[in-house]
Amino acid sequence: MSETDNSAARAAEFERWANLFTAHKAFSHPSELHGVLCGQLAAGARIDEPRWLAMVCEHMGLADEAAAESEDLAPFMHCAYGNTLNQLQSTDLSFQPLLPDDDYAIEQRLEALVAWVRGFLEGMALEAGASLGQAPEEIRELIEDLVAISQLSEDEESDDESEQQLLEITEYVRLGALAVFTEFNEPEKPAADKPTLH
């Protein structure tokens with residue numbers, strides 16, 4: 001996949017999440033929920049579907065039964081969970097945080113990045129809790145950097161320099177998420193090693 005195809009696919013993915021959030025009148029940001037999921041997966045969690053859907057409903061401000069009553073919410077989020085885990089596990093480092101593309105104003109993109117990072121930190125804390133204090137120094141430093149990024153203000157003026165800074169911060173966050181995932185997750189075993197069930 002070329003870089004253009006890749007960014008088009010990422011933009012389309014963000015729009016799908018955003019449309020779902022709008023359709024369900026969610027009061028939270030789609031990037032934040034994706035961040036929470038990534039934070040938990042990166043810290044080693046594997047979430048069963050009922051618990052994941054409960055998290056989704058809570059985050060979106062929906063009633064618990066919303067997932068069961070909606071035709072699209074559960075299938076969409078089931079798919080989103082699988083895709084996100086696959087991306088984090090992928091050896092080609094293709095994982096991307098769920099963020100709007102550069103058709104959006106820089107303020108909106110920064111807001112989404114800040115929301116994603118806040119979600120990621122929340123997800124990590126939910127899963128790893130106090131054990132984050134025993135993480136290697138580079139992971140602890142990374143977490144401190146993410147906390148600083150989560151406090152950035154959205155009133156950035158758009159110019160070439162701020163565009164470049166946003167790109168650099170986004171790439172740092174992306175690689176940071178992968179670093180956390182690598183630290184807290186055993187490498188996937190090749191499929192051939194799995195015993196066959198009869």
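This text walks through the structure above, from the whole chain down to a few residues. The model is a predicted one.

Start with the overall build. The chain holds eight helices and zero strands. Read along the sequence, the pattern is α-α-α-α-α-α-α-α. The chain has 198 residues, and 42% of them are buried. Now look at which parts of the sequence meet. Take the contacts between residues at least 6 apart in sequence. Of these, 73% join residues at least 24 apart. On the outside, the chain exposes about 11,100 Å². Carbon and sulfur atoms supply 51% of that area.

Next, go to helix H2, which covers residues 30-42. His34 is found there. Is His34 buried or exposed? Its relative accessible area is 4%. Buried means under 20%, so His34 counts as buried. What does His34 touch, once residues up to four places away in sequence are set aside? Earlier in the sequence, there is Trp17. Later come Thr84, Phe95, Gln96, Pro97, Leu98 and Trp116. Find these residues in the structure and you can see what lies around His34.

Move on to helix H4, made of residues 66-69. Ala67 belongs to this helix. Its relative accessible area is 8%. That value is under the 20% cut-off, so Ala67 is buried too. Leave aside its neighbours within four places in sequence, and Ala67 is in contact with Leu53, Cys57, Leu73 and Ala74. There is also a distance to trace here. Ala67 and Met77 are 10 residues apart along the chain. Their C-alpha atoms are separated by 9.3 Å.

Now turn to the surface. Which residues gather in a patch of negative charge? They are Glu137, Glu138, Glu141, Glu144, Asp145 and Glu183. Helix H7, residues 137-149, gives the most to this patch, with five residues. Glu183 lies in another part of the chain, helix H8, which covers residues 160-184. So the patch draws on both H7 and H8.

How open is Glu183? Its relative accessible area is 39%. Buried ends at 20% and exposed begins over 50%, so Glu183 is partly exposed. A patch residue needs over 30% relative accessible area, so Glu183 passes that test. Set it beside the two residues met earlier. His34 is buried at 4%, and Ala67 is buried at 8%, whereas Glu183 is partly exposed at 39%.

Definitions and conventions
Residues are numbered from 1 along each chain as its sequence is written. This is a predicted model: local features need pLDDT of at least 70, side-chain atom pairs count only at pLDDT 80 or more; totals for chains, interfaces and linings use all residues. Side-chain values use heavy atoms; hydrogens and water are left out. Patches are made of residues with over 30% relative accessible area and no salt bridge: like charges are joined within 9 Å, nonpolar side chains (Val, Leu, Ile, Met, Phe, Trp, Tyr) within 5 Å. Accessible areas come from the Shrake-Rupley method with a 1.4 Å probe; for residues, only the protein chains shown count as cover. A salt bridge is a side-chain nitrogen of Lys or Arg within 4 Å of a carboxyl oxygen of Asp or Glu. The place of a charge is taken as NZ of Lys, CZ of Arg, CG of Asp or CD of Glu. Helices (H or I, at least four residues) and strands (E, at least two) are DSSP runs, numbered from the N terminus. Buried means under 20% relative accessible area, exposed over 50%, partly exposed in between (1.4 Å probe, protein chains only). Contact means heavy atoms within 4.5 Å.
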